[in-house]
Structures are given as C-alpha cells and as structure tokens.
Amino acid sequence: LRLLNHSFLIKVFSLFFTVCAAGAMYFNYQYGTIINSEMMRNALATDTAEVAELLTAKFFLEFAFLCLPQLYLTFFVPIKHSSFVRGIFQALVGLVIGVCFLMLNFQGVSSLIRSEPVLRNLISPVNVFSGTYKAVFKDGSTEVDAPRIVIDPKPALGASHKNDKGTLFIVVVGETARLANWGLAGYSRDTTPQLRARNVIPFSKTISCGTSTDVSLPCMFSRVGRDRYDRDRILKEESLLPVLQRAGINVFWVDNQSGCKGVCKGVPSLSISKTKAPSLCSGPRCYDEALLAGIDTSEILKPGKTTVVFMHQLGNHGPAYSKRYPKNFEVFKPVCTDEKLNNCSREEIVNAYDNAILYTDHFLAGVIDWLKGLDGFDTGLLYVSDHGESLGENNMYLHGAPELIAPKEQKEVPMLLWLSKGFEQKFGLNDVCLREQAKADASHDQLFSSLLGILDVKSSVYDQNKDFSAVCRKSNS
Ligand SMILES: [Zn+2]
C-alpha cells in the first residue's frame with residue numbers, strides 16, 4: 001500500500017482489504033468455512049433468500065467490531081505525505097523485514113503449507129481475492145450462456161418404450177442430506193419411517209462428487225464425473241437431460257432452490273406456483289412439498305409417452321434447518337432456531353437437522369404415493385442427495401470443504417430407488433438383484449449411465465461399467 005504513495009488511496013484500499021478480511025474471518029470463525037474458489041463461486045451464485053439467512057444481526061455486529069480498528073485508522077490517523085522515492089524505499093524495507101521473518105523459519109513454514117495446503121485459504125483477505133479471481137476467470141460459472149457441446153446427436157429409445165402404457169420417472173435431487181443421519185442407513189434415530197414403510201431400495205453408501213451444490217450438481221448429471229473431474233469440460237458439455245430429451249423423452253426440471261446450475265440447459269423448467277401451494281410457501285421460500293403440489297399432470301404427461309421430471313429440493317439447506325419443515329415435523333426437540341449455529345448446542349443443531357430429514361422422508365413418501373396412484377403410467381423414483389453436511393464434527397459446520405480435506409460427513413449421501421411393479425416389468429429390472437447391487441458402494445459417477453440404463457435409452461455415451469442396474473436387466477430387444 002505504501003507504493004500507492006497517496007494517503008487517500010492508501011486509506012481506501014486498506015479499508016477495502018479490511019472489509020473483505022473481516023467477512024472471510026467471520027464465516028471461517030463461525031462456520032469453519034474455507035474461502036477458496038469453490039466457496040466464492042457458491043457465494044456469487046447464491047440467491048437473495050440464501051444470503052438473507054446468513055446476514056444476521058450478529059453478523060453485522062461482529063463484522064463491524066472486526067472493522068473498528070481500521071475505521072479508527074482511516075478516519076482519525078493522518079498519513080504523512082512523503083516523496084515517491086521515499087515511499088518505494090519504505091515499501092522495500094517492509095518487504096525485506098517480512099522476508100527475513102519468513103526465512104527465520106522457512107523450512108517449517110514451507111513444509112507446513114505443503115502438508116496443509118488449506119492454510120493458504122485461511123490468509124485473509126488474499127483468499128477472498130484469489131478465490132474470486134479463480135471463480136470468475138478460471139473455473140467458469142454454471143450460468144455461462146454459450147451453447148453446450150452435443151455429446152450424443154442420436155440417442156434412441158430402447159424396445160421397452162414400445163408399450164401402450166406411459167412412463168413417469170422422477171429424479172429427486174436432495175439437498176445437504178447426509179448418510180450419517182439417514183434412518184435407512186442405520187442411524188440410531190429413525191428419520192425415514194415413511195420410506196421404510198414403502199419398501200424402497202436403499203443404497204448403503206453413495207459418495208458425492210463434491211461438497212457443494214455448485215460442484216456436485218453439474219458433476220452428477222455429467223458423463224465426466226469425479227473420477228476424471230474437470231469443471232471446464234463438465235460445463236462445456238451438455239448434461240444427461242438434453243440426451244434423454246433428444247432420445248424422445250419429455251424432460252422437465254422443477255426447482256425449489258437456487259437453480260439447476262446449468263444442468264437443465266435446453267430442457268423446459270416448471271416453476272413452483274405459489275398460488276397452487278399457498279400453505280407451503282411463505283416469503284421467498286417454499287417447503288419441498290410445493291414441488292409436488294405445483295405439478296400439473298395434464299401439462300407434463302402424455303398417454304403412452306415417457307416423461308422424466310427432475311425435482312431439486314431445498315432439503316436440509318443450512319444453517320436454518322428449523323425453517324425447512326412445517327411445525328408438525330418438529331419431533332426431535334429442542335431445536336436450534338438461531339442461524340448462527342455457535343449459539344446453539346450441538347444437540348439442538350442435530351435435532352433441527354434430523355427434523356428436516358424427517359420432512360424429506362415425508363416428501364419422498366408423498367411422491368411415491370402419488371406415483372402409485374397414477375393410472376395408465378408405469379412409475380419410478382430415484383432420490384440422491386447432492387452432498388452431505390458437517391454438524392460439529394472437528395468443529396466443522398455446513399459444507400463446501402475442499403476435496404482434499406472433505407470429511408466423510410460431507411461426502412457420504414443417501415440414495416434410493418423405488419419402482420412400480422409395472423415399471424420393473426416394462427424395463428426388465430429385477431428387484432432382488434437391484435437390492436443386492438445397492439449393498440455395494442455407489443457414487444454420483446454412476447448416475448449418468450444408470451439413468452440411461454434404467455430408462456432404456458441407447459446412447460453412445462452410455463458406459464455399462466457405471467450402470468448399477470446393468471446386471472439386473474434382462475434384455476428386451
Ligand atoms: Zn447442495
């Protein structure tokens with residue numbers, strides 16, 4: 001800053017740096033958030049409702065407190081003007097002193113940075129600037145408007161679709177549901193009683209592609225996956241959805257969150273009608289049941305045709321877990337109602353989180369019951385969460401940890417499949433075999449080819465090794 005050699009500029013810049021550092025420090029301190037390009041991309045891609053939940057009165061108080069010393073320096077301490085040469089000299093002296101301090105223990109510092117690369121992301125406000133730079137100029141945003149590369153120009157429907165009955169398949173993209181708190185996965189609390197009663201096929205463990213919606217969502221429905229992760233490529237190629245659509249399936253996306261992150265590009269979106277579900281919506285937010293309540297079957301279902309609807313839940317989106325479910329789902333008490341999780345005990349946080357899982361259980365059971373009751377259609381549902389969540393393990397909260405250090409709570413997610421008898425027959429799928437397959441470890445990388453397989457879409461981008469349903473299907477053609 002000394003190089004600027006102008007007292008006004010120095011003050012403006014130092015205040016700006018302080019404001020950025022204070023914001024980063026607050027989120028790091030309160031939530032264990034690591035500020036890197038992924039986090040900055042999340043921040044830039046978020047919506048106002050999400051931001052409003054984080055900007056609490058306490059945030060402003062603590063933020064202002066962190067800025068106080070700098071505010072004092074800016075407004076009450078004069079900076080003596082000096083010549084340009086003298087400014088450069090002072091800057092150099094500062095630099096030399098800094099380097100000397102570093103050299104005193106260079107080996108220690110360098111090996112620490114190498115063994116704990118995350119430390120780099122804790123240096124504020126450098127983390128904010130480098131993260132924003134990478135998010136904007138290097139890693140690409142999901143909202144880019146350029147046309148996507150067509151990955152298969154001629155996918156086709158398999159023989160199973162030559163049937164008088166129509167098909168409706170729902171893919172529910174869950175939000176922030178972690179395996180550790182999932183009743184069907186053996187959690188000590190039964191957080192999924194309704195799904196259990198519906199005899200769904202639960203996968204025992206599924207690994208998410210990323211630890212945030214912005215990473216996971218595009219990756220889940222891309223043929224690239226975590227194995228060969230390349231964000232640029234994922235965002236340049238079309239997702240699974242346009243492939244299904246080109247094959248002749250009616251594809252829709254309906255969203256109860258901050259958008260589809262580019263996944264639904266090229267396919268029609270249905271919007272949640274707040275007038276159709278007035279009791280489920282208040283302000284900018286709706287409970288997830290609005291996803292179903294707002295659906296107009298006459299709009300999406302065509303007799304004898306296949307339709308796939310992707311539903312993007314609000315799920316367990318934190319930190320306001322207690323706002324994700326109607327009051328009658330508050331089974332585990334007391335709950336944390338403070339968005340600043342540090343003001344709650346861990347028990348209260350987990351209670352609120354578990355109630356939100358109970359509500360997802362109820363929502364999914366409702367979708368299944370609705371599918372069961374649809375006359376003239378063979379139906380099925382696949383549910384999978386986008387990533388997990390930390391609930392205080394090692395003092396970490398929320399999600400978005402870099403891949404390198406992501407704890408398993410943020411990476412292990414629930415997944416399940418439910419198929420009507422008619423669907424199983426039409427697509428030649430064997431229930432017993434699927435249940436056996438579901439016992440093996442699964443991952444988001446399998447979604448792309450498994451959905452092509454389950455829906456009997458013949459495509460050049462299908463990879464049988466990544467289709468968990470392949471061994472359970474008897475060929476119809
Ligand atoms: Zn998410």
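Counted along the sequence, the residues that supply donors to the zinc ion follow the spacing E-x37-T-x172-D-H. The model is a predicted one. In this predicted model, the donor atoms of the protein lie 1.9 to 2.4 Å from the zinc ion.

**The zinc site**

- Glu175 appears twice among the protein donors, each time through an OE atom.
- Thr213 contributes OG1, Asp386 contributes an OD atom, and His387 contributes NE2.
- The last two letters of the spacing pattern, D and H, stand next to each other, whereas x172 separates T from D.
- Asp386 and His387 are both buried.

**Overall fold and dimensions**

- The protein contains 18 helices together with 16 strands.
- The C-alpha trace extends over about 85 × 50 × 45 Å along the principal axes of the protein.
- The radius of gyration is 25 Å, which agrees with a compact globule, because a globule of 477 residues would have a value near 23 Å.

**Interior and contacts**

- Of the 477 residues in the protein, 54% are buried.
- Among contacts with a separation of 6 or more, 76% join residues that are 24 or more positions apart.

**Surface and charge**

- The exposed area of the protein is about 21700 Å², and carbon and sulfur atoms supply 60% of that area.
- The protein carries 50 positive side chains and 48 negative ones.
- The centre of the positive set and the centre of the negative set are 5 Å apart.

Note on methods:
Residues are numbered from 1 along each chain as its sequence is written. This is a predicted model: local features need pLDDT of at least 70, side-chain atom pairs count only at pLDDT 80 or more; totals for chains, interfaces and linings use all residues. Side-chain values use heavy atoms; hydrogens and water are left out. Helices (H or I, at least four residues) and strands (E, at least two) are DSSP runs, numbered from the N terminus. The radius of gyration is taken over C-alpha atoms; the globule rule is 2.2 Å times the number of residues to the power 0.38. Buried means under 20% relative accessible area, exposed over 50%, partly exposed in between (1.4 Å probe, protein chains only). Contact means heavy atoms within 4.5 Å. Accessible areas come from the Shrake-Rupley method with a 1.4 Å probe; for residues, only the protein chains shown count as cover. Lys and Arg count as positive and Asp and Glu as negative; His and the chain ends are not counted. The place of a charge is taken as NZ of Lys, CZ of Arg, CG of Asp or CD of Glu. Donors are N, O and S atoms within 2.8 Å of the metal (3.2 Å for Na, K and Ca); water is not among the atoms, so sites may look incomplete.
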